[in-house]
Amino acid sequence: MKKITISDGVWFLFLICVFTPSLVMSFATGELSVSDTYSYVFGTIAGFAGEWIAYILFLPLGFITCLLPNDSYYVLTAFQMVVGDFAILAIFLFVCTTYPPTFIRRTSQPAESPQAA
């Protein structure tokens, strides 16, 4: 079994706190302009977590929300067809099974011993 590292924890914290909320908010912001998207993200975060957290998180979440495709609503629709009202939870679970990119995963390989063959 792989030993859990700090980089794994940071990756999953990023997925849970930044990427997945951006993905879920992009479902509602498909037709909005960039400034309206930032306003929507700020209002959503302020409504759920408080205004002081919204001031910290709305820039990175808004940026990622603007980068996601406008027709990403169909991802939510597919999840709703399969799991119904638990679609947002299913999206969180699906995203959390994503492995970190290779530059974060540092696999330590044991050094080869110089043995005569």
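**Close-up views of a five-helix chain**

**View 1. A nonpolar patch lies on the surface of this predicted model.** Six side chains build it: Met81, Val82, Val83, Phe86, Leu89 and Leu93 form the patch, with about 680 Å² of accessible area together. Two elements give two or more residues to the patch: α4 (73-83) and α5 (87-96). Helix α4 gives the most, with three residues. Phe86 sits in the loop between α4 and α5. Phe86 is exposed, with a relative accessible area of 57%.

Some terms need their cut-offs. A patch is made of residues with over 30% relative accessible area and no salt bridge; like charges are joined within 9 Å, and nonpolar side chains (Val, Leu, Ile, Met, Phe, Trp, Tyr) within 5 Å. A salt bridge is a side-chain nitrogen of Lys or Arg within 4 Å of a carboxyl oxygen of Asp or Glu. Accessible areas come from the Shrake-Rupley method with a 1.4 Å probe, and for residues only the protein chains shown count as cover. Buried means under 20% relative accessible area, exposed means over 50%, and partly exposed lies in between (1.4 Å probe, protein chains only). Helices (H or I, at least four residues) and strands (E, at least two) are DSSP runs, numbered from the N terminus.

Residues are numbered from 1 along each chain as its sequence is written. Local features need pLDDT of at least 70, side-chain atom pairs count only at pLDDT 80 or more, totals for chains, interfaces and linings use all residues, and side-chain values use heavy atoms, with hydrogens and water left out.

**View 2. The whole chain has five helices and zero strands.** From the N terminus on, the elements run α-α-α-α-α. Buried residues make up 27% of the 117 residues. The chain exposes about 8600 Å², and carbon and sulfur atoms supply 68% of it. Contact means heavy atoms within 4.5 Å. Among contacts with a separation of 6 or more, residues 24 or more positions apart account for 60%.

**View 3. Twelve residues form the largest nonpolar core.** A nonpolar core is a set of buried Ala, Val, Leu, Ile, Met, Phe, Trp, Tyr and Cys residues joined through side-chain atoms within 4.5 Å. Here the members are Trp11, Leu15, Val18, Leu23, Phe27, Ile64, Leu68, Leu76, Ala87, Ile91, Val95 and Ile104. The elements that give two or more residues to this core are α1 (6-26) and α5. Helix α1 gives the most, with four residues. Another core, of five residues, lies apart from it; among its members are Met25, Val41, Ile45 and Leu61. Back in the twelve-residue core, Ile64 is in contact with Phe14, Val18, Phe19 and Ser22, leaving aside neighbours within four places in sequence.

**View 4. Helix α5 has four buried residues on the same side.** They are Ala87, Ala90, Ile91 and Val95. These residues cover an arc of only 130° around the axis, so they lie on the same side of α5. The arc is that of the directions from the helix axis to the C-beta atoms. An α-helix has 3.6 residues a turn, so residues three or four places apart point the same way. What covers the buried residues of α5 includes α1 and α4.

**View 5. Ala87 of helix α5 is buried.** Its relative accessibility is 2%. Ala87 touches Leu76, Phe79 and Gln80, not counting residues up to four places away in sequence. Ala87 and Leu76 are eleven residues apart along the chain, and their C-alpha atoms are separated by 6.7 Å.

**View 6. Two buried residues, Ser26 and Thr37, both touch Thr65.** Ser26 has its place in helix α1. At 2% relative accessibility, Ser26 counts as buried. Beyond its neighbours within four places in sequence, Ser26 is in contact with Thr65, Leu68 and Ser72. Thr37 lies in helix α2 (residues 34-49). Thr37 is buried, with a relative accessible area of 3%. With the neighbours within four places in sequence left aside, Thr37 is in contact with Thr29, Leu32, Gly62, Thr65 and Cys66.

**View 7. Thr97 is found in the segment after α5.** Is this residue buried or exposed? At 55% relative accessibility, Thr97 counts as exposed. Thr97 and Leu15 are 82 residues apart in sequence. In space they are 9.7 Å apart, C-alpha to C-alpha.
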